[in-house]
Amino acid sequence: MTSELLEWFTPGGDIIELKHLSKLVGFHGPPRRRNRERQPVGIAGTRRVSKPLYDARTMTVPLLVQETSRANRLTTTRSLAAAFSTDDEGKLRFTQGDSSQREISCYVSGGFDEDVVDEMPTWLTTALELRATDPFWYDIADSTMVTETIPSGSTANQNLTVNIPGVDAAPTTWPVWTINGNCERVGMTNNTTGQVWLFDTAI
């Protein structure tokens with residue numbers, strides 16, 4: 001087991017370790033809301049359709065800057081302020097206690113140069129705010145898993161079960177699926193949650 005590690009990869013390629021004292025905010029599931037609307041069914045009826053939508057993610061890091069002297073602390077603070085002043089996206093990499101890693105593209109939206117929560121000659125604590133327009137975490141490197149294929153010429157009700165290593169009922173990352181046709185009415189069922197997705201067209 002290792003301790004948690006939080007790193008900021010600047011747009012220019014520099015790597016900065018972010019030391020934090022307390023709980024990280026906004027690091028779990030993406031912000032979610034439901035869009036509800038009515039759709040026509042048949043000649044005169046309607047049905048209510050509800051689907052989840054995901055918003056941009058805001059994350060807060062309670063940041064600690066600590067050095068051996070006031071001069072070193074000021075130097076470090078100024079270097080961090082310069083690194084966080086860009087509007088371009090960088091990457092935030094999170095290494096958890098079990099050594100698993102994930103990262104997210106985001107930009108600094110505020111906090112560091114605005115409000116100092118506490119300050120002493122050799123250290124200060126403040127809040128760094130990061131915003132990700134794509135709210136999902138990704139693996140450090142893509143991993144590809146090829147499943148068995150349905151025999152050519154097969155017809156209805158062909159099923160495959162895919163087990164994704166390392167993913168439990170509440171995953172912190174989501175797989176990207178690639179389906180090669182020819183086929184139609186492709187459906188997916190999450191055997192853990194019971195959720196069903198159907199692509200009602202030909203591929």
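This report walks through a predicted model of a protein, from its overall make-up to a few residues worth finding in the viewer.

Residues are numbered from 1 along each chain as its sequence is written. Because the model is predicted, local features need pLDDT of at least 70 and side-chain atom pairs count only at pLDDT 80 or more, while totals for chains, interfaces and linings use all residues; side-chain values use heavy atoms, with hydrogens and water left out.

**The overall picture**

The protein has 203 residues, and its secondary structure comes to one helix and eleven strands. Helices (H or I, at least four residues) and strands (E, at least two) are DSSP runs, numbered from the N terminus. Reading from the N terminus, the order of elements is β-β-β-β-β-α-β-β-β-β-β-β.

Of the residues, 23% count as buried. Here buried means under 20% relative accessible area, exposed means over 50%, and partly exposed is in between (1.4 Å probe, protein chains only). Contacts, meaning heavy atoms within 4.5 Å, often reach along the chain: among those between residues at least 6 apart in sequence, 56% join residues at least 24 apart.

How confident is the predictor? The pLDDT, which is the predictor's confidence in each residue from 0 to 100, averages 75 for the protein, and 69% of the residues score at least 70. Strand β6 (residues 90-95) has the highest confidence, at 90, and strand β8 (residues 116-120) the lowest, at a mean of 62. Over residues 167-171 the pLDDT is below 50, and this stretch has one contact in the model beyond near neighbours in sequence. Where pLDDT is low, the predicted coordinates should not be read in detail.

**The nonpolar core**

A nonpolar core is a set of buried Ala, Val, Leu, Ile, Met, Phe, Trp, Tyr and Cys residues joined through side-chain atoms within 4.5 Å. The largest one here has 24 residues, and Trp8, Leu18, Phe27, Met59, Phe84, Leu92 and Leu130 have the most contacts inside it. Two or more residues come from each of β1 (5-9), β5 (57-66), α1 (70-83), β6, β7 (101-110) and β9. If you click on Leu92, you will find that it touches Trp8, Leu18, Phe27, Met59 and Leu130, among others, not counting residues up to four places away in sequence.

**An aromatic cluster**

Which residues form one aromatic cluster? They are Phe27, Phe94 and Trp137. Rings of Phe, Tyr and Trp (its six-membered ring) pair if their centres lie within 6.5 Å; planes under 30 degrees apart count as stacked, over 60 as edge-to-face and the rest as tilted. A search of the whole structure finds three aromatic pairs, including these two:

| Pair | Centre to centre | Angle between planes | Type |
|---|---|---|---|
| Phe27 and Phe94 | 5.7 Å | 75° | edge-to-face |
| Phe27 and Trp137 | 5.6 Å | 40° | tilted |

Phe27 lies in the loop between β2 (15-17) and β3 (32-41) and Phe94 in strand β6, so their pair ties together parts that are 67 residues apart in sequence. Trp137 lies in the loop between β9 (123-132) and β10 (184-189), so its pair with Phe27 links parts that are 110 residues apart in sequence. Phe27 is buried at 2% relative accessibility, Phe94 is buried at 4%, and Trp137 is buried too.

Trp137 has another partner: Arg102 lies over its face, at 4.5 Å from the ring centre. For a charge to sit over a ring, NZ of Lys or CZ of Arg must be within 6 Å of the ring centre and within 35 degrees of the ring normal.

**A buried polar contact**

Arg93 belongs to strand β6 and Glu103 to strand β7. Their side chains make a polar contact (3.2 Å). That term means a pair of N or O atoms within 3.5 Å; within protein, one must be able to donate a hydrogen and the other to accept it, and residues adjacent in sequence count only if both atoms are side-chain atoms.

Are these two residues buried or exposed? Arg93 is buried because its relative accessible area is 19%, and Glu103 is buried at 11%. Leaving aside neighbours within four places in sequence, Arg93 is in contact with residues including Leu5, Phe9 and Ile140. Glu103 touches Trp137 and Asp139, among others, with residues up to four places away not counted. The C-alpha atoms of Glu103 and Asp139 are separated by 6.4 Å, although the two are 36 residues apart along the chain.
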